[in-house]
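Colleague: Before I rely on the labels attached to this entry, I should like to hear the grounds for them. Please set each value against its cut-off and then conclude.

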Amino acid sequence: MLPSRKKRKVAVGSGRGRQRAARTFQVDGADDYEKNQAVAEKWAAAIKCLVLGIPISSDTDIAPSLLPRPRRLLLLLNPFGGRGLALQWCQTHVLPMITEADISFNLIQTERPNHARELVKGINVAEWDGIVAVSGDGLLYEVLNGLMERPDWKQAIKIPVGILPSGSGNALAGAINCNAGLEQVLGLELLLNCALLLCHAAVTPLDLVAVTTASGARCFSCLSVAWGFISDVDIESEKYRHMGAARFTLGTLVRLASMHTYRGRLSYLPAADATAHRPISRSITVAPNGRLPLQRLPLHRALSDMGLCEERHAFWGAEPAPVPCPSPGSPPPSSASILPPPSFSFEPGPGELPAGGAGEARVGGPPDELLVPLGQPVPGSWVTVEDDFVLVLAIYQSHLGADLFAAPFARFDDGLIHLCFIKAGISRAALVRLFLAMEKGSHFEQECPHLVHVPVRAFRLEPLTRKGILTVDGERVEYGPIQGQVHRGLARLITGVDRLKIATG
């Protein structure tokens, strides 16, 4: 037996997706085990320095002290998201990879909705180099809002956040995967891609949108606000939860059979270079071979399942007490708009979750200087459209789901809300074609006259139909007027792209 050897497992690509292969390096230049061990450790340190870009030469005294201290990540895992495979996949695939990358971690399983929100409100953020949600997008939504509810939110929101997808929709993971130049994939392959990117540690500024609902509650969104067809399918398909991801396909078919339109008033502040009411056509190549590995029916959920569940054992124990936060500043008054606000009120429907209600902490964050209170008319510089809509989607990431390339022109920190809406009059067949094209990001090439895209800085949506569903990052909120403003680069997202150069063919 050789006196000393170092083993290293690496992820390699293949026709069947990313797989792990073992590579063994042996050191046996001396008869003494300790001498061989010292040489092996120097080689390991030298290789890590090269990978990390730390300059070394033949005159450098190679030692572990050249390396930065191991990164410390707080992993929050939702064991009930998606198909319930998060813990199994994490233990089998993720933890070995990040251990080999010299990343130290604490893994906590969440036990109920808003558990992650409570945890991050009480941690010492200086102890961590990042917080990673091992779930779908819903857990990250909790993390971001928990950070914004802290008294020290200005410092707390700068801690890098990441995602290891194991939910149903995995929209943000799809955007990270696409941003790195990787082929669009789903399931375990997407998880492995994101785990590898997480190990590379590069961080990108992330826009957040401050969303205010009818009751005055304020939250921070990293994905989207939806009304109409998309939110209907998202929420109404809950009854098919036992079917897994197929619930969204069935929900889409059911909603297509009884397609609704909604009367509403949509107001927005266009970005300086925006052309209002005109679709933007972009040519996007998802994969070098022009194919996607899987073909699925349209509209898969953009948010993970945060199940109402029984308590389970957590890897790390006691819950910290929630920390009260100051109320956000009042927005400044502004000039009036031509159209008045709706004159009737809304009552919460069954299952609606009005954030910021009684007993909940108020969210901090920067003031929304572009917005006026919902009870006041929008400023005169805004554009207002009153019409019948099939759907309204305010999205700020490229993906609505892991395989829904909804806004191929969106970037993590472009400072834009991509406001997309489909007006009444579109046929069912045309709507299906749009969603099928969305899997490759080519739906704007359809030149559908009912589809409109406008890049904006802020928006307000005032439903004039009494019943409907509104979602923020896929979670249902109270029905009624809602508005939002983008805050550019407010958060930090672990994307890994600076240190990973991938050829796209």
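Colleague: In which helix is L52 found, and what makes L52 count as partly exposed?

Modeller: L52 is found in helix α1, residues 33–52. Helices (H or I, at least four residues) and strands (E, at least two) are DSSP runs, numbered from the N terminus. The model is a predicted one, in which local features need pLDDT of at least 70 and side-chain atom pairs count only at pLDDT 80 or more, whereas totals for chains, interfaces and linings use all residues. Residues are numbered from 1 along each chain as its sequence is written, and side-chain values use heavy atoms, with hydrogens and water left out. Buried means under 20% relative accessible area, exposed over 50%, and partly exposed in between (1.4 Å probe, protein chains only). L52 has 36% relative accessibility and therefore counts as partly exposed.

Colleague: What makes V39, W43, I47, V51 and L52 a nonpolar patch?

Modeller: Patches are made of residues with over 30% relative accessible area and no salt bridge; nonpolar side chains (Val, Leu, Ile, Met, Phe, Trp, Tyr) are joined within 5 Å, and like charges within 9 Å. V39, W43, I47, V51 and L52 form such a patch on the surface, with about 470 Å² of accessible area together. That area comes from the Shrake-Rupley method with a 1.4 Å probe, and for residues only the protein chains shown count as cover.

Colleague: Why is Q109 called buried, and where does Q109 lie?

Modeller: Q109 has 7% relative accessibility, so Q109 counts as buried. This residue lies in strand β4, residues 104–109. Q109 and A86 are 23 residues apart in sequence, and their C-alpha atoms are 10.0 Å apart in space.

Colleague: How do you know that R112 and E111 meet in a salt bridge?

Modeller: A salt bridge is a side-chain nitrogen of Lys or Arg within 4 Å of a carboxyl oxygen of Asp or Glu. For R112 and E111 the N to O distance is 3.8 Å, and the pair is a salt bridge. The two partners carry separate labels: R112 is partly exposed because its relative accessibility is 22%, while E111 is buried because its value is 11%. A search of the whole structure finds 13 salt bridges.

Colleague: What is the closest N to O distance between R263 and E386, and how many residues apart are they?

Modeller: The closest N and O atoms of R263 and E386 are 3.8 Å apart, and the pair forms a salt bridge. It links distant parts of the chain, with R263 in strand β10 (residues 262–270), E386 in strand β11 (residues 383–395) and the two positions 123 residues apart. R263 is partly exposed because its relative accessible area is 31%, and E386 is partly exposed because its value is 33%.

Colleague: How do you know that R265 also forms a salt bridge with E386?

Modeller: The side chains of R265 and E386 meet at 3.2 Å, N to O. This pair also links distant parts of the chain, from R265 in strand β10 to E386 in strand β11, 121 residues apart. R265 has a relative accessible area of 8%, so R265 is buried. R263, R265, E386 and D388 are linked in a network of salt bridges.

Colleague: Why are α2 and α7 called roughly parallel?

Modeller: Two packed helices are described by the angle between their axes and the distance between the axes. Axes are lines fitted to C-alpha atoms, for helices over the stretch in contact, and angles run from 0 to 180 degrees between N-to-C directions. Helix α2 (residues 86–100) and helix α7 (residues 187–200) pack at an angle of about 25°, with their axes 9 Å apart. Angles under 35 degrees count as roughly parallel, over 145 as roughly antiparallel, 65 to 115 as roughly perpendicular and the rest as oblique. The helices α2 and α7 are therefore roughly parallel to each other.

Colleague: What is notable about phi of D473, and what makes D473 buried?

Modeller: Phi of D473 is near 50°, a positive value in a residue other than glycine. D473 lies in the loop between β14 (470–472) and β15 (475–477). Its relative accessible area is 0%, so D473 is buried. N114, in the loop between β4 and α3, also has a positive phi, near 70°. N114 counts as partly exposed because its relative accessibility is 31%.
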